[in-house]
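Trainee: I would like a close look at one part of this structure, the second largest pocket. Please set out what lines that pocket, and then place the rest of the chain around that account.

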Amino acid sequence: MQALTMHTFNTDHVFVESFSDYFGWSADGERAAIWQNLGILTKQLEGMGINYDAFRNALVPRQDKREVCLMFDSLILERGYGNYATGASEFVVPLLSKDLTTSILHGDLISRNQSGDLAYLRRTYPHLNLAGLIGTSQIYCVYITNLSPRNLDKIVGGLAGTPGFVGAVDTTSQSLLKDRLSGVLVPVLLKARSTYILQHSDTVEPQHGLNEGTWAVGSSRIVSVYDLLFGQYLSYKIQRSSGGAFSRNEALMLTSLDATYARASDTKIGVIIAKEKFDYLTTKKQSNLQNMGKGDINAGELCALVHERIRDHYLFGLRILENGDLLCSTLVEVDRGERSPYRAEIGLRLVSDENAFYITTLY
């Protein structure tokens, strides 16, 4: 069975509840509609010669991949190109490897406390060229996922000296900046090797019954899919480091777990690991636990670590089994002091009858 790439756990589920009320869906009906839409998207992409399953690395944060936020002075780009989004694309797109599959998000760094956040950027990232900026909203961000360290260095190095380029921040690890970005950046493009996918746009002319054309930026092939399907299944969600202002999914995605889970209290949602499974993980995955700095972790501590993540963060790679159970994973980042944080991917099985996640594996 194909996997939906991204799901949230704690969200308002406006789409789910509205559609369910209108059509009188049961919980099973909601899931059926989700899978039906995925089937529509898959067929649409197959007609364009694109395999949906190949996007996993681009849509799901991985332990061994990097993320970067490229920052530009929007006023300088606007003066030079008329449209600062186009200007940023003119610089960034040619630097992306032809074989790279990645998600590209754009947006202004808008925040309530612009001067305070600008001061934070100056303190935390002194390498950024923030001279002449009066607020964070003047910073236009291009966020790229699924990069190897070599690809990341190539992109950042290639932008050196570019007009309006403020600098780059490696946003792989949790940070206050990453929290901010998760609430303001919007998925714009998905790069599937040499093809770019975007939401339906009048600028992409139909060819042979498909929305397909050639993109002036980089002269690449560009195709479009239905807006709703792009938002459901092709949008990368930036993994946040904490709950709070951006702890809810603003995209209101239909591909979310049933609203009953989001409304449940902490006492009703459990994380469990069977003794046999814990013994297996502490034996076979001991090197992973040591790298996490959790070589002596007990079962309760491991469950508490995972429970903290799933309440306010994202679940990825959801698979619905025939018995109604759900398989998914979440990303846990562990602070290791002076060493770089360790990112662990935790495999989970949600047994809906028990309102409990069972830990299955970790990487």
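Mentor: The account below starts with the pocket and then turns to a helix pair, a few single residues and the chain as a whole.

This is a predicted model, and local features are taken only where pLDDT is at least 70. The second largest pocket holds about 260 Å³ of space. Its lining consists of 15 residues. Nearest the centre of the pocket are R319, L327, C328, S329 and G347. Four strands each give at least two residues to this lining: β12 (314-320), β13 (326-336), β14 (339-351) and β15 (356-362). Among these strands, β14 provides the largest share, with four residues. By residue class, the lining of the second largest pocket has six nonpolar, five polar and four charged members.

Next comes the helix pair. Helix α4 covers residues 74-81 and helix α5 covers residues 84-92. The two helices pack with their axes 8 Å apart, at an angle of about 90°. An angle from 65 to 115 degrees counts as roughly perpendicular, so α4 and α5 are classed as roughly perpendicular to each other. On the α4 side the contact is made by S74, L77, E78 and Y81, while α5 contributes Y84, G87, A88, E90 and F91. Sorted by class, the residues of this contact are five nonpolar, two polar and two charged.

Helix α5 also contains V92. With a relative accessibility of 4%, V92 counts as buried, because the limit for that label is under 20%. Leaving aside residues up to four places away in sequence, V92 touches L70, F72, V142 and I144. V92 and I155 are 63 residues apart in sequence, yet their C-alpha atoms are 7.4 Å apart in space.

A second pair of residues can be described in the same way. G132 is placed in the loop between α6 (114-124) and β4. The relative accessible area of G132 is 62%, so this residue is exposed, the cut-off being over 50%. From G132 to D73 the C-alpha distance is 9.1 Å, with their positions 59 residues apart in sequence.

Two residues stand out for their backbone angles. N146 is not a glycine, but its phi is positive, at about 60°. The location of N146 is strand β4 (residues 139-147). At 9% relative accessibility, N146 is counted as buried. R193 likewise has a positive phi, near 60°, and is a residue other than glycine. R193 sits in the loop between β6 (186-192) and β7 (195-199). Its relative accessible area is 47%, and R193 is therefore partly exposed.

Finally, the whole chain. It has 13 helices and 15 strands. Of its 363 residues, 53% count as buried. Among contacts in the chain with a separation of 6 or more, 73% join residues 24 or more positions apart.

Notes: Residues are numbered from 1 along each chain as its sequence is written. This is a predicted model: local features need pLDDT of at least 70, side-chain atom pairs count only at pLDDT 80 or more; totals for chains, interfaces and linings use all residues. Side-chain values use heavy atoms; hydrogens and water are left out. On a 1 Å grid over the protein atoms alone, a cavity is a set of points where a 1.4 Å probe fits but cannot get out, and a pocket is an open set with protein on both sides within 12 Å along at least five of seven lines; lining residues have an atom within 4 Å of a point. Grid points are joined across faces, edges and corners, and a volume is the space filled by probe spheres set on the points. Ala, Val, Leu, Ile, Met, Phe, Trp, Tyr, Cys and Pro count as nonpolar, Asp, Glu, Lys and Arg as charged, and the others, Gly among them, as polar. Axes are lines fitted to C-alpha atoms, for helices over the stretch in contact, and angles run from 0 to 180 degrees between N-to-C directions. Angles under 35 degrees count as roughly parallel, over 145 as roughly antiparallel, 65 to 115 as roughly perpendicular and the rest as oblique. Contact means heavy atoms within 4.5 Å. Buried means under 20% relative accessible area, exposed over 50%, partly exposed in between (1.4 Å probe, protein chains only).
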